[in-house]
Amino acid sequence: MLRLEDLEVRVADTLLLGPISLELRENQVTCLIGPSGCGKTSVIKWMAGILPPEMKASGTLTLDGTPVERHDRFLSYQPQSDALFPWLTIGENVCLGLEVAGMSRGEAWAKAAPLFEPFGLKGTEHLFPRQLSGGMRQRAAFLRTIVQDSRYILLDEPFSALDAVTKIRMQEWLVSRLEADPRGVLMVTHDLHEASRIADRLLVMSSRPGRIMADLPINLPRGQRSETALADLREHLKTLLLEDET
Amino acid sequence: MLLRSNALAILVMLALLLLWEAYCRMSGVTPLVLPAPSDVLRSLYLNAHEISGHALATIGVAALGFSMSVTFAFLTSIALHFTPTLERAFIPVFVVSQTIPLVALAPLMILWFGFGVLPKMLLVILVTFFPILLSLLSGYRQAPRDFLDLMASMGAGRLQRFRRVTLPSARPAFFAGLRISATYAIVATIFAEYAGARSGIGIYILQAKNNFRADLVLSAVVVSAVLTLALLGFLRLIEWWTDPETRRRRHAPA
């Protein structure tokens, strides 16, 4: 279990978020939702060790009870954009994290190559990112994250740049991928529909300074999450967020 | 393709040359003052052997100075990128160096370093170094934040982030800087030769001017333009050759 305790983030003397404590369980998808500017992205940036230097943070991260320093050993992060390097082919992009971790290009390729087919990316290995559609680019970015074999994955609004249809397809695709290869996921989103469709658990943040104001497990299996079944949950979330705003 | 994309510019050039030719023929101006383009081309053809010798000397110095300038600018850019204090200390010095007029500096260089290659090369470096350096530094700053964050989250250190993100991001700006500097390189070499040299387009222009041969002066100008265009074409070729997509096509399995 990955545990974050008493995280506070400040810029100069202004408290942006916190104190926040949360737990990520292995093989469980947790969605962090909240209004714009509440600090959702700052939470996962701090966990990934990439909080901008002008932001000062305090807090601890423990993995199975042990405090940890090097995040890259057990966490993979995917930013809001797909962040595929335009000067690298899709194959090279996918292998990037493995090469940074010290693998040779051959070793990295041997590990990544079998995953192209299950990710629906077969035949794109030698193409450049600009030659792929938005959905395929997201899948390639997700493959780059998954192939690093981290126990936990941090996703920062991964589908926010996609059109409505591609977004729904990608959400369904992500759910099926995580069922085939479960990981502990913390996904930031401001989309209530997306969160209720994907998550096992919802963490709702208040407006600035962001704090966790609700921890809501979704016990309904994903196959049974019809619009009607989720209506009450969404209504509850909407009320929470609107009350916080006022 | 190249011809099609520059068709309009070529048409304008041809129209201007025709206008010039027509003016010379109809106004009765003496060729000693203003030779027609056809006179310039004839002189160029008749003196091709002599001019080509001078042109070779010029291109040699310009290429050597320009290559050294690119190397120095690249090494300096890395030092300044990793040490912001150095950047704050040196950029104003480099800016001041650009304010020194070439007309004052060229003769001094000859005075200090003689008539050999060194003073001309130094002048080329002085003129071309700064635009390349600035384009590199501004290119480094264009590295997308998301890419750098992603690399950092993977555990990449500063050097790895620089090599895999910052450097490739600076590629377009670097080539833009190279193209600007390339045009300065030929002009600076000719200027240095003009101030004192044994051979080169600059000294050829000086001799032609002293002999009141406007046709030969203009022939040298044509050669200088051709040399600059050739250098720009060569840079385009390198840019195309090192492009990631070209590289992929070169190494792709058949």
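This tour moves through a predicted model with two chains, A and B, one selection at a time.

Begin with chain A and select strand E1, residues 2-11, together with strand E4, residues 55-63; these two strands pair in the antiparallel sense, and eight bridges link them. If you then pick out Leu4(A) in this pair, you will find that its bridge partner in E4(A) is Leu61(A). Keep E4(A) selected and add strand E5, residues 66-67 of chain A, which runs antiparallel to E4(A) and is joined to it by two bridges. Here Thr62(A) has Pro67(A) as its bridge partner in E5(A). E4(A) and E5(A) form a hairpin with two residues between them, and in the turn you can select Asp64(A), whose phi is positive, at about 50°.

Next, stay in chain A and display the six strands that form an open sheet, following them in the order E6-E7-E8-E3-E9-E10, with pairing that is mixed. At the edges of this sheet lie strand E6 (75-78) and strand E10 (212-217), each of which pairs on one side only. On average, neighbouring strands in the sheet are turned by 15° against each other when direction is ignored.

Within that sheet, select E7, residues 152-156, and E8, residues 184-189, of chain A, which run parallel and are joined by five bridges. Leu154(A) is worth highlighting here, as its bridge partner in E8(A) is Leu186(A).

Where does Leu154(A) appear again? It belongs to the largest nonpolar core, which has 65 residues, and Leu154(A), Cys31(A) and Met151(B) are the members that touch the most others. Select Met151(B) now: leaving aside residues up to four places away in sequence, it touches Val100(A) from the other chain as well as Ala156(B), Gln160(B), Arg161(B), Arg164(B) and Val165(B). Apart from this core lies another, of 47 residues, and among them are Phe66(B), Ala188(B), Tyr194(B) and Ile205(B).

To look at the contact between the chains, select the 17 residues that chain A contributes and the 16 residues that come from chain B. On the side of chain A that touches chain B, colouring by class will show 10 nonpolar, five polar and two charged residues.

Finally, show chain B by itself, where the secondary structure comes to 13 helices and zero strands. Its C-alpha trace spans about 75 × 50 × 35 Å along the principal axes, and of its 254 residues, 34% count as buried. Among the contacts in chain B with a separation of 6 or more, 74% come from residues 24 or more positions apart.

Conventions: Residues are numbered from 1 along each chain as its sequence is written. Chains are lettered from A and ligands numbered from 1 in the order in which they are written. This is a predicted model: local features need pLDDT of at least 70, side-chain atom pairs count only at pLDDT 80 or more; totals for chains, interfaces and linings use all residues. Two strands pair if DSSP finds at least two bridges between them. Helices (H or I, at least four residues) and strands (E, at least two) are DSSP runs, numbered from the N terminus. Axes are lines fitted to C-alpha atoms, for helices over the stretch in contact, and angles run from 0 to 180 degrees between N-to-C directions. A nonpolar core is a set of buried Ala, Val, Leu, Ile, Met, Phe, Trp, Tyr and Cys residues joined through C-beta atoms within 7 Å. A residue is buried if 20 or more other C-beta atoms lie within 10 Å of its own, exposed if 12 or fewer, and partly exposed in between; C-beta atoms are placed from the backbone. Two residues are in contact if their C-beta atoms, placed from the backbone, lie within 7 Å. Ala, Val, Leu, Ile, Met, Phe, Trp, Tyr, Cys and Pro count as nonpolar, Asp, Glu, Lys and Arg as charged, and the others, Gly among them, as polar.
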